[in-house]
Amino acid sequence: MTVLAIASPKGGVGKTTIALNLAFALSGRGHRTLLVDLDPQGSIGLSLAGRPKDAPGLYETLRDGRDAFGHIIQTRRRELSLLTFGQPDMGDLAPWTRDVESDGRLLRLLGHLDAEYDLVVVDTPAGCGGLTREGLEGSTHVLSPLQTDPLALRALPQLVATVGSLRAEGAPIELIGVVLTMTRFREALAANVAQEAWALLPEDLVTDTHIPYDRVFAEASAKGVPVGLMRRRPPPAAAVFDHLAQEIEPKLGILPAEEDDEPIHLVD
Ligand SMILES: Nc1ncnc2c1ncn2[C@@H]1O[C@H](COP(=O)(O)OP(=O)(O)OP(=O)(O)O)[C@@H](O)[C@H]1O
Ligand SMILES: [Mg+2]
């Protein structure tokens, strides 16, 4: 069972951007991937053009106790499916959240979904409590974006403590990486935060891949696509996610689909 949560104590640090583009990259490497949106903001659905914006999803599945497969959206890429957050009734969201946090229905759902996919990627709401904690309890791995901003580094211990307390309660969750995001190493302050992260955190925790600051992410959301689908020749930012996918595969215990490594002859 491989359920990868993308989580961070801070908001607006790139969790949804990573969840969407990493799920896309992992599916491109042959892993049957389900991207689940656990954030009532519904940002995964809002980041994509077409049906995901107003389709039912996780909210309706957990509310009605129905089979999630009725709400899972199969994308045009065979290996990538989506379970968006859905269309919450705002008056009902608080009791829904309390129920989900207390009765284990999300954990059961994640366990059930996982059997159908090689990998489930969960985009979580900012913070470490409530729905995020519940999502982490149902996950096996967590990857955390760290924006190169001094406050982000100060908030990271909250996530480390949450993962520690869940493990102490018997949850199988493991923090597999911290990804520097929105990096602008030419700016002294951002470079200092990166230096501090490298100095403070265990060497193998900070991923070699970092996500540079790039306007292309906003353009991709405006178009409603992962960066890898922006144009026929994907922008360099798409390759960053391929690297990240490749880097975390061993930590997730998944191997890339068997590839034919023979050269392709240009002409018969
Ligand atoms: N590497 C990047 N370079 C430039 N802009 C980025 C980058 N990553 C994310 N963004 C932009 O930053 C904003 C916040 O990103 P995102 O929604 O992924 O963060 P989040 O952590 O999921 O936020 P929330 O806590 O609200 O869920 C978005 O407008 C997104 O397009
Ligand atoms: Mg988000």
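This passage describes the surroundings of ligand 1 and the pairing of several strands in a predicted model.

Ligand 1 has 19 residues around it. Gly11, Lys15, Thr16, Thr17 and Ala126 come nearest. Three elements each give two or more residues to this shell: α1 (15–28), β7 (174–183) and α9 (216–223). By character, the shell divides into nine polar, seven nonpolar and three charged residues.

Strand β2 spans residues 33–37 and is mostly covered. Five of its five residues are buried. Thr33, Leu35 and Asp37 lie on one face of β2, with Leu34 and Val36 on the other. Both faces are covered. Two parallel partners were identified for β2. Pairing with strand β4 (residues 80–83) runs over four bridges. In this pairing, Val36 of β2 stands opposite Leu83 of β4. Pairing with strand β5 (residues 119–123) runs over five bridges. Here Asp37 of β2 faces Asp123 of β5 across the pair.

Strand β1 (residues 3–6) is likewise covered on both faces. Val3 and Ala5 are buried on one side, and Leu4 and Ile6 are buried on the other. β1 runs parallel to β5 and is joined to β5 by four bridges. β5 thus pairs with both β1 and β2. β1 also pairs in the parallel sense with strand β6 (residues 141–147), over three bridges. Leu4 takes part on both sides of β1: Leu4 stands opposite Val121 in β5 and opposite His141 in β6.

Terms used. Residues numbered from 1 in each chain as written. Chains lettered and ligands numbered in written order. Predicted model: local features only at pLDDT ≥ 70, side-chain atom pairs only at ≥ 80, totals over all residues. Near = placed C-beta within 6 Å. Nonpolar A, V, L, I, M, F, W, Y, C, P; charged D, E, K, R; others polar. Buried ≥ 20, exposed ≤ 12 C-beta atoms within 10 Å, placed from the backbone. Pairing = 2+ DSSP bridges.
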